[in-house]
Amino acid sequence: QMTFPLVLSILLVTTTVRAFQYTDLAQYIDSHEEEYVEALRDWVAIESDSANVLKRPDLHRMMEATAQKLRQMGGAVELVDIGEQELPDGQTLALPKVVSAQFGNDTRKHTVCVYGHVDVQPAKKEDGWATDPYNLTDINGNLYGRGASDNKAPVLAWIHAVEAYQALNMELPVNVKFVIEGMEETGSNGLDVMIVAQRDTFFSDVDYIIISDCGWLSRRPALTYGTRGNCYFTAEVQGPKQDLHSGVYGGVVIEPMTDLIGILDSLISPSGTILVPGIREAVAPLSDEEWKMYQDIQFDVDSYKNKIGVDQLMYNNKVDVLAHLWRYPTVSIHGIEGVTAKFSIRQVPNMDPQVVKNQVTDYLHSVFAKRKSPNKLKVTMVIGAKPWLADTEHPLYEAGKAAVKRVFDTDPDLIREGGTIPIAKTFQDVTGKDIIMMPIGGFDDGLHSQNEKMSRYNYIEGTKLFVTFLDEVSKIKKTSV
Ligand SMILES: C[C@H](N)C(=O)N[C@@H](Cc1c[nH]cn1)C(=O)O
């Protein structure tokens with residue numbers, strides 16, 4: 001028979017919440033590696049391609065699976081309806097619900113909100129994948145699968161970070177909220193409306209927003225302080241009422257495809273100069289300080305060329321390459337379907353998507369007019385996502401630097417991202433909260449490409465980084481009660 005004091009002390013032992021212990025958390029994370037890989041396998045198996053309307057049921061399933069995982073951990077979870085999407089043919093389609101969740105509501109603590117996405121880019125084995133993109137495949141410690149790095153493993157790593165605290169009965173150093181969406185890859189449709197609607201409710205007590213939807217520049221861990229924006233356009237040339245035989249009609253008909261190629265060729269010169277008037281003039285000048293920052297970053301232009309299999313880039317020296325990846329705009333032509341071309345302009349501070357829309361539309365119409373073609377041109381901007389920039393001296397970044405130092409025993413690279421996180425600027429403008437981008441993806445993860453992967457190393461050490469960062473954030477002086 002147990003005596004009363006013994007029973008009481010057992011109860012006390014089991015209910016006492018422990019304080020942060022990095023070694024225990026790290027050990028816990030290491031010993032759960034296989035479970036984490038299996039969780040990623042389950043998520044990668046869901047074809048949550050947000051661009052393919054036929055995959056919308058899978059995307060809904062993905063959002064439900066995310067919500068379910070957070071519910072099982074005891075979070076206060078909601079699946080927020082963000083309405084419908086209008087398709088080019090005028091039909092409407094339900095947008096995937098946004099998952100919001102909350103762990104802890106202690107007003108003495110800071111509250112962070114982790115943003116991520118669980119939709120993916122399209123992928124087919126026949127695109128040149130070495131493995132089935134939706135069957136996570138481990139080759140030499142690299143986990144290959146669509147969405148593995150962008151952004152399923154980082155989202156899971158954040159979930160596992162909270163789970164590790166719970167499993168070890170350790171107090172969460174900060175309250176943690178999650179906002180996980182399913183439309184990032186197509187411009188985060190509907191999410192801005194949700195952020196505006198919940199600014200004074202869900203977001204009111206959030207102090208900091210954390211985004212881990214980007215990658216390191218090299219093998220060295222990094223913190224990201226800027227992203228480019230994206231203006232994504234379609235240009236359609238309408239001509240004869242039906243397809244025409246090139247032998248029977250060629251030579252007399254003014255062909256829409258020739259017009260289309262002609263106007264596309266007017267966007268950018270072979271040496272990379274954007275030819276749309278007004279765009280280059282809007283770009284914030286490169287300061288001496290920034291130039292110096294780029295010089296100090298370890299980045300090997302030759303290895304970069306090797307990685308992507310090219311002999312020559314637009315620029316040869318490191319600073320030019322980094323600057324043109326991160327802080328100068330560029331035009332990319334993505335493809336032509338029928339006589340509709342898709343192209344994008346990645347834009348940077350101080351460009352504005354609405355201004356870019358007008359500049360591009362006016363310019364293409366003027367180029368088209370000079371052709372004196374009887375065909376009709378229609379230019380549409382389908383995505384207008386703004387660029388984002390942060391202050392690397394902010395206490396949030398100091399906390400990030402300290403966390404990287406504790407886990408990896410090195411200072412992070414401070415980098416920018418050439419890609420776009422469409423919602424970052426909205427978070428900043430609408431909620432007024434500070435944002436940090438803390439990537440865990442590797443420099444060679446192949447985002448949006450064939451053979452996307454996440455290494456076990458980055459996944460597991462990244463989870464350790466996240467548990468540590470929460471502790472570092474808790475040390476930031478609270479300015480308001
Ligand atoms: C950086 C992030 N992982 C990413 O790949 N984002 C996409 C988002 C996007 C841009 N326009 C529409 N969606 C990207 O940069 O292409």
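**Exercise 1. State how confident the predictor is in the protein chain and in the complex.**

Solution. The model is predicted. Start with the chain: its mean pLDDT is 95, and 96% of its residues reach 70 or more. Then take the complex, for which the predictor gives an ipTM of 0.97 and a pTM of 0.93. As a reading rule, predicted coordinates should not be read in detail where pLDDT is low.

**Exercise 2. Work out the strand order of the sheet that contains β7, and find what lies across it.**

Solution. Step one is the order: β6-β7-β18, an open sheet of three strands with antiparallel pairing. Step two is the edges, which are β6 (137-139) and β18 (453-455), each pairing on one side only. The twist from one strand to the next averages 30°. Step three is the contact between β7 (residues 142-144) and β18, where three bridges join the two strands in the antiparallel sense. Asn-142 has Ser-455 of β18 as its bridge partner. Last, helix α15 (residues 456-474) lies across β6, β7 and β18 and runs at about 60° to β18.

**Exercise 3. Describe the largest nonpolar core and follow the contacts of Val-473.**

Solution. The largest nonpolar core holds 108 residues. Those that touch the most other members are Val-176, Phe-178, Phe-203, Tyr-459, Phe-469 and Val-473. Helix α5 (residues 148-167) gives the most to this core, namely eleven residues. Next, leave out residues up to four places away in sequence: Val-473 then touches His-110, Val-112, Val-174, Tyr-208, Leu-396 and Ala-399. Another core lies apart from the largest one; its 28 residues include Ile-263, Val-331, Ile-345 and Val-356.

Definitions and conventions. Residues are numbered from 1 along each chain as its sequence is written. This is a predicted model: local features need pLDDT of at least 70, side-chain atom pairs count only at pLDDT 80 or more; totals for chains, interfaces and linings use all residues. Side-chain values use heavy atoms; hydrogens and water are left out. Two strands pair if DSSP finds at least two bridges between them. Helices (H or I, at least four residues) and strands (E, at least two) are DSSP runs, numbered from the N terminus. Axes are lines fitted to C-alpha atoms, for helices over the stretch in contact, and angles run from 0 to 180 degrees between N-to-C directions. Contact means heavy atoms within 4.5 Å. pLDDT is the predictor's confidence in each residue, from 0 to 100. A nonpolar core is a set of buried Ala, Val, Leu, Ile, Met, Phe, Trp, Tyr and Cys residues joined through side-chain atoms within 4.5 Å. Buried means under 20% relative accessible area, exposed over 50%, partly exposed in between (1.4 Å probe, protein chains only).
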